[in-house]
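Good morning, and thank you for joining this group meeting. I would ask everyone to look at the sequence and the structure together before we begin.

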Amino acid sequence: MARNEEKAQSMLNRYITLKNEEKKKPKERRPFLASECRDLAEASKWRQQIMGEIGRKVAEIQNEGLGEHRLRDLNDEINKLIREKTHWERRIVELGGPNYAKHAAKMTDLDGNIVDVPNPSGRGPGYRYFGSAKKLPGVRELFEKPPELRKRRTRYDIYKRINAGYYGYRDDEDGVLEKLDVVAEAEMRAEAAAEWWRMEEIRREAKRAVKSGEVARVGAAKEILHEEEEEVVEEERQRERESKEKSEKEMEFVAHVPLPDDKEIEKMVLEKKKKDLLSKYASQELLQDQTEAKQMLNI
């Protein structure tokens with residue numbers, strides 16, 4: 001029994017195939033320019049043909065094993081067909097047909113997110129990458145979002161959020177703080193008064209203990225003073241020592257120079273006055289003698 005390939009090569013089958021091809025109309029070629037088409041139905045037909053070619057090439061470009069050069073060539077061919085499709089869509093609108101550009105697909109990244117890349121590779125606006133072409137070196141970086149730089153706040157932005165509440169001017173408007181302040185103030189006053197009385201009692205006990213030379217104790221229980229209380233006792237002892245040293249210095253003062261009494265002082269004053277009068281009288285006599293000598297010389 002003959003196989004299918006042998007049957008297709010038989011004379012009868014080739015004759016029938018040739019006759020069927022003769023009956024067919026010559027294959028039409030798509031116009032190079034969309035403006036040459038005058039029929040809306042033909043324009044839609046050519047658009048559908050371009051869409052089919054784009055679909056086949058997009059399915060082919062999904063294969064990562066084609067190699068970098070083949071992927072780039074396929075991507076260029078797809079972009080060329082997309083530009084041609086755009087021309088036909090524009091021509092369909094001119095002929096009164098629907099506007100297909102309104103519902104055109106958007107460009108997406110590797111995760112399927114729509115991205116706006118007006119001119120990613122310098123090949124003109126609207127150039128797109130499909131399938132495995134998005135993973136080519138130099139192309140992946142086009143779809144990566146740059147890291148967001150944290151904008152430094154200016155002085156104006158900082159002060160823009162500051163109001164009266166920031167400075168605490170509105171804290172007393174609800175009256176809650178006033179009630180809390182009264183209670184807190186009373187507690188603080190009571191604590192301060194108790195601390196003052198405690199320290200005052202410690203000082204008194206410390207003074208008595210320093211004078212008597214005993215260990216200072218506070219209260220009926222005679223508890224040993226803590227660190228803070230010991231400091232007070234030490235201060236009192238220091239003051240007591242300083243006062244004693246000062247009194248001893250005053251008592252031990254000795255005059256090494258004999259001091260004159262009142263009579264001796266009066267005698268010294270009189271002698272000084274006598275000397276002053278004698279010196280004054282002697283100067284007057286000397287002046288008189290000089291004047292007399294001058295008069296005699298002049299005569």
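In which helix is the place of I158? I158 sits in helix α6, which covers residues 155–160. Please bear in mind throughout that this is a predicted model.

Let me stay with I158 for a moment. Its relative accessible area is 38%, so I158 is classed as partly exposed. I158 also belongs to a nonpolar surface patch, together with Y159, Y166, Y167 and Y169. The area of that patch is about 650 Å².

A second patch on the surface is negative in charge. Its members are D171, D172, E173, D174, E178 and D181. Of these residues, let me single out D181, which is found in helix α7, spanning residues 176–212. D181 has a relative accessibility of 45% and is therefore counted as partly exposed.

I turn now to charge pairs. As a general matter, side chains of opposite charge can pair when their charged atoms come close. How many salt bridges does a search of the whole structure find? The search gives 14 salt bridges, and I shall present three of them.

The pair I take to begin with is R30 and E53, whose closest N and O atoms are 3.4 Å apart. R30 is in the loop between α2 (11–23) and α3 (40–60), while E53 is in helix α3, so this salt bridge ties together parts that are 23 residues apart in sequence. Is R30 buried or exposed? With a relative accessibility of 19%, R30 counts as buried, because the cut-off for that class is under 20%.

The next pair is R91 with E94, where the closest N and O atoms are 3.0 Å apart. Both residues lie in helix α4, residues 68–94, and they are three residues apart, about one turn of the helix. The two partners fall into separate classes of accessibility: R91 is buried at 12%, whereas E94 is exposed at 54%.

The remaining pair brings us back to helix α7. There, E200 and R203 are three residues apart, and so about one helical turn separates them. They form a salt bridge in which the closest N and O atoms are 3.8 Å apart. R203 is partly exposed, its relative accessible area being 33%. Elsewhere, salt bridges with shared partners join R30, E53 and E84 into one network.

That concludes my presentation, and I thank you for your attention.

Key
Residues are numbered from 1 along each chain as its sequence is written. This is a predicted model: local features need pLDDT of at least 70, side-chain atom pairs count only at pLDDT 80 or more; totals for chains, interfaces and linings use all residues. Side-chain values use heavy atoms; hydrogens and water are left out. Patches are made of residues with over 30% relative accessible area and no salt bridge: like charges are joined within 9 Å, nonpolar side chains (Val, Leu, Ile, Met, Phe, Trp, Tyr) within 5 Å. Accessible areas come from the Shrake-Rupley method with a 1.4 Å probe; for residues, only the protein chains shown count as cover. A salt bridge is a side-chain nitrogen of Lys or Arg within 4 Å of a carboxyl oxygen of Asp or Glu. Lys and Arg count as positive and Asp and Glu as negative; His and the chain ends are not counted. The place of a charge is taken as NZ of Lys, CZ of Arg, CG of Asp or CD of Glu. Helices (H or I, at least four residues) and strands (E, at least two) are DSSP runs, numbered from the N terminus. Buried means under 20% relative accessible area, exposed over 50%, partly exposed in between (1.4 Å probe, protein chains only).
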